[in-house]
Amino acid sequence: SHHSHPREEMTLATTPTFAGAGVFVCFALANRHADCFPRQIPYHSRRARKSRVTDSADRMVPAATPTDEEDVIDLQLHTRREAPCAALLSLSAFCKERGIESFDVYGDFNCPTSESYLSQFEQDVAAHFGKEDAVFCISGGMAQSIVLLINDATRSKNTGSPAFACHPTSHLLLHENSGYNELMKFESIVLGWDHHESSYDPNIILETSACFRMGPLRLDDVEALVGKEGESRILSHPSRKPDVNVSTLILELPHREIGGKLTPWDEVLEMSNFCSKHNLAFHCDGARIFEASAGYGHASLAETAKPFDSVYISFYK
């Protein structure tokens with residue numbers, strides 16, 4: 001959400017229409033036409049970007065930089081912008097190489113897969129993640145909103161406000177301007193936050209270094225969703241409602257804001273069992289799932305995605 005360059009996103013699911021409690025994944029693609037995976041660039045060609053600060057008039061000005069700046073390795077490589085002519089030539093070469101002879105058009109869901117490059121691409125990604133189907137979306141925010149709406153429609157108890165549960169540093173809470181609440185009237189149950197000390201406030205995380213002391217979402221946090229009477233023991237955010245209908249548990253792998261920490265894999269499996277027992281959809285915010293899969297030492301992406309009913313993934317991270 002913080003990148004200004006064009007990008008594409010995708011969602012994988014059991015059925016193109018998402019009828020029923022589907023198993024699906026979402027993901028984003030870098031705006032590179034010839035290859036959806038980031039090109040490898042020699043480390044010695046990566047240079048530190050000059051940091052910038054604001055002056056008294058709140059104008060951006062270059063900050064003082066060390067004399068050995070050229071020796072600093074910066075792994076945060078941003079997408080390089082192409083001129084329109086170069087971008088269109090690249091797109092033309094891409095289509096010619098892959099035999100793409102027609103445009104994909106919104107609404108052509110029933111056309112043969114052989115006639116739709118997008119459908120072929122969706123199926124290819126679904127196969128890599130061991131899921132039944134994939135759906136392309138134009139943004140991660142859109143993809144994960146679709147997830148929440150489908151899960152609420154298929155698992156709703158018809159009591160209380162629709163809601164999802166997540167870690168305090170979830171992207172939905174910190175970086176989407178409360179879109180889930182403003183646009184869809186969803187509430188969130190924030191797990192792992194000390195609710196006895198204070199009500200949840202995302203600004204505490206955004207404006208301080210509090211998140212660096214946090215751990216990843218743990219099984220104990222998830223089990224707090226259900227009390228002795230089978231009801232949630234945590235008031236919702238932002239409205240502090242006690243009677244919400246939680247349909248989705250979101251687990252981010254890895255947890256971005258706390259330095260890429262991973263929930264222990266055995267607990268991920270237990271969370272999946274917990275969700276099945278309590279009729280919750282288990283969704284993975286896997287924008288960086290490639291890193292998570294490597295971190296767990298999994299043999300395939302499908303192994304990492306298997307415990308989840310749905311997974312959002314991003315190719316431009």
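Partly exposed means a relative accessible area between the buried limit of 20% and the exposed limit of 50%. The structure here is a predicted model.

Q: Why is S178 called partly exposed?
A: S178 has a relative accessible area of 28%. Partly exposed covers values between 20% and 50%, so S178 counts as partly exposed.

Q: Where is S178, and what is its phi?
A: S178 sits in the loop between helix 4 (171-174) and helix 5 (179-182). The phi of S178 is near 55°, which is positive although the residue is not glycine. Most residues other than glycine have a negative phi.

Q: Why is K185 called exposed?
A: Exposed needs a relative accessible area over 50%. K185 has 56%, so K185 is exposed. K185 lies in the loop between helix 5 and strand 7 (187-190). Phi of K185 is also positive, near 60°, in a residue other than glycine.

Q: Why is H283 called buried?
A: Buried means under 20%. The relative accessible area of H283 is 1%, so H283 is buried. H283 belongs to strand 9 (residues 281-286).

Q: What makes the pair H283 and S310 a polar contact?
A: The side chains of H283 and S310 are joined at 2.7 Å. The cut-off for such a pair of N or O atoms is within 3.5 Å, so the pair counts as a polar contact.

Q: Why is C85 called exposed, and why is C95 called partly exposed?
A: C85 has a relative accessible area of 53%. The exposed class is over 50%, so C85 belongs there. C95 comes to 22%. Partly exposed starts at 20% and ends at 50%, so C95 is partly exposed.

Q: How many disulfides does the whole structure have?
A: The search finds 0 disulfides. A disulfide needs two cysteine sulfur atoms within 2.5 Å, so no pair of cysteines in the structure meets that cut-off.

Q: Why is P238 called partly exposed?
A: The relative accessibility of P238 is 38%. Partly exposed runs from 20% to 50%, so P238 fits. P238 is in the loop between helix 7 (219-223) and strand 8 (244-252). Beyond four places in sequence, P238 touches Y180, N181 and E187.

Q: Which peptide bonds before P238 and P254 are cis or trans?
A: The bond from H237 to P238 is cis, with omega near 5°. The bond joining L253 and P254 is cis too, with omega about -10°. P254 lies in the loop between strand 8 and helix 8. Most peptide bonds are trans.

Q: What makes up the largest nonpolar core?
A: This core has 35 residues. L191, L225 and L249 have the most contacts inside it. Helix 8 (residues 265-277) gives the largest share, 5 residues. A second, separate core of 17 residues includes L148, L174, Y180 and I205. Nonpolar side chains tend to be buried together in soluble globular proteins.

Q: What does L191 contact?
A: Leaving aside neighbours within four places in sequence, L191 is in contact with residues including A165, P168, L225, I234 and L249.

Q: How do you know how confident the predictor is?
A: The average pLDDT of the protein chain is 77, and 71% of the residues score at least 70. Over residues 1-8 the pLDDT is below 50. Residues 13-22 are also below 50. Where pLDDT is low, the predicted coordinates should not be read in detail.

Key. Residues are numbered from 1 along each chain as its sequence is written. This is a predicted model: local features need pLDDT of at least 70, side-chain atom pairs count only at pLDDT 80 or more; totals for chains, interfaces and linings use all residues. Side-chain values use heavy atoms; hydrogens and water are left out. Helices (H or I, at least four residues) and strands (E, at least two) are DSSP runs, numbered from the N terminus. Buried means under 20% relative accessible area, exposed over 50%, partly exposed in between (1.4 Å probe, protein chains only). A polar contact is a pair of N or O atoms within 3.5 Å; within protein, one must be able to donate a hydrogen and the other to accept it, and residues adjacent in sequence count only if both atoms are side-chain atoms. A nonpolar core is a set of buried Ala, Val, Leu, Ile, Met, Phe, Trp, Tyr and Cys residues joined through side-chain atoms within 4.5 Å. Contact means heavy atoms within 4.5 Å. pLDDT is the predictor's confidence in each residue, from 0 to 100.
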